[in-house]
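Dear colleague,

Please find below the structure that I would like to hand over to you. I should be grateful if you would look through it alongside the notes that come after it.

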Amino acid sequence: MFKKSKNSQFFGSMGLIGATIIWGFSFVVVKDSTASIPVPYLVAFRYILASAGMLLLFSFKLKELTFKVIKQGAVLGLFLCIGQFFQTLGCKYTTAGKNAFITTAYVILVPFLCWIMEKKKPGSIQVVSAVIAIIGIGLLSLNGNMHIQSGDFLTMICGIMLGFHIIYIDRYTRETDPVLLTMIQFMFAAIYIWAIIGVTRMPFPTQVFHPELFTKIMYIGLASTMMGFLLQIVCQKYTNPSVAAVILSMESVFGMLFSVIILHEKFTIKILIGCVCMLIAVLLSELKGTQEEISV
């Protein structure tokens, strides 16, 4: 069994914080890009670039490839592809800041998904946090007619998929090289989305070669996807799942911050209260588990 020392946990946490900053800025880049390129292609380009970058840097890892790792990568790639597709589609129809905060719903969902999958019943704190999260999502998503906006609903689907993704990352990295696993999951995510594009015969967006759009796609593929997820999957190996979930939730804070500063998105009192509720829910959701893990 892999043991996590205090030093390794510290550096693991620092790496995860770096990932959240990269991802926070990516919400702004994705929001801008969805106006110029179809969502499936945006997702496809990010994973083909991430796969190529990983192969360029870590092709020597392929000698460790086994059928078991392939199956693990296929599972992670599926959750990642579906989650990223709905996150990107959601970002197209809502603000980048709201997209960032609603995505963090996966943090609240993790204890409940563990309950379903591993029979680990969530405590009263997790239940309270779920209620607060529902209030927060309602404040962020419901309009004056009490109807949830389509972009926010699509983002919620992303949160569910990322919840499964973080659980399976913890399960698989106990026995599999995280770098190799990252590379294989990217390849499968690329295969899935390009297969969908092929079946639907979606026209190729030639505007992708415009310098400004090309730069954005490179950031999404190499920085946000390759570097961000590589930091996550490697650093999460050296932290506890609950601690990792709390740190990764800071992605939403950076996402909102960058969207207000760069995109000049409106930040109303209603949105502020919704964001605060989501942050409280996230912290409460993992408070009990984090304290238990630190004391071990």
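The following paragraphs set out what was found, beginning with the overall fold and ending with the aromatic residues.

Please bear in mind throughout that this is a predicted model.

The protein chain contains twelve helices and zero strands. Read from the N terminus, its elements therefore run α-α-α-α-α-α-α-α-α-α-α-α under the DSSP assignment. Along the principal axes, the C-alpha atoms occupy a box of roughly 55 × 50 × 30 Å. The radius of gyration is 18 Å, which agrees with the value near 19 Å that a compact globule of 296 residues would have. Of these 296 residues, 53% count as buried. Among contacts with a separation of 6 or more, 89% are between residues 24 or more positions apart. The accessible surface of the chain amounts to about 13600 Å², and carbon and sulfur atoms contribute 73% of that area.

Helix α7 deserves a separate word. This helix has 23 residues and spans 33 Å from its first C-alpha to its last, close to the 33 Å expected at 1.5 Å a residue. Because 17 of its 23 residues are buried, α7 is largely enclosed by the rest of the structure. Y168 and Y172 both belong to α7 and sit four residues apart, about one turn of the helix. Both tyrosines, Y168 and Y172, are buried.

I turn next to the charged side chains. A search of the whole structure finds six salt bridges. One of them joins K61 to D177, with the closest N and O atoms 2.6 Å apart. This pair links distant parts of the chain, 116 residues apart: K61 is in the loop between α2 (39-58) and α3 (67-92), whereas D177 is in the loop between α7 (150-172) and α8 (178-200). K61 has a relative accessibility of 14% and so counts as buried.

A further salt bridge is formed by D170 and R174, whose closest N and O atoms are 2.7 Å apart. D170 is buried as well, its relative accessible area being 13%.

E212 and K216 also form a salt bridge, here with 3.6 Å between the closest N and O atoms. Both residues lie in helix α9 (residues 211-235), four residues apart, about one turn of the helix. As residues three or four places apart in an α-helix point the same way, side chains so placed lie on one side. The two partners differ in accessibility: E212 is exposed at 51%, while K216 is buried at 19%. The cut-offs matter in this case, because buried means under 20% and exposed means over 50%. With D32, the residues E212 and K216 are linked in a network of salt bridges.

Finally, the structure holds 16 aromatic pairs. In one of these, the rings of F85 and F86 have their centres 5.4 Å apart and their planes at 85°, so the arrangement is edge-to-face. F85 is partly exposed, at 23% relative accessibility. The rings of Y168 and Y172, the tyrosines of α7 mentioned above, have their centres 5.6 Å apart and their planes at 50°, so this pair is tilted. In addition, ring pairs connect Y41, F45, W194, F204 and F209 into a cluster.

With kind regards

Definitions and conventions:
Residues numbered from 1 in each chain as written. Predicted model: local features only at pLDDT ≥ 70, side-chain atom pairs only at ≥ 80, totals over all residues. Heavy atoms only, no water. Salt bridge = Lys/Arg side-chain N within 4 Å of Asp/Glu carboxyl O. Helix = DSSP H or I, 4+ residues; strand = E, 2+ residues; numbered from the N terminus. Buried < 20%, exposed > 50% of the residue type's maximum accessible area, 1.4 Å probe, protein only. Expected span 1.5 Å × (residues − 1). Rg over C-alpha atoms; globule rule 2.2 N^0.38 Å. Contact = heavy atoms within 4.5 Å. Areas by Shrake-Rupley, 256 points an atom, 1.4 Å probe, with all protein chains shown as cover. Phe/Tyr/Trp six-rings, centres within 6.5 Å; stacked < 30°, edge-to-face > 60°.
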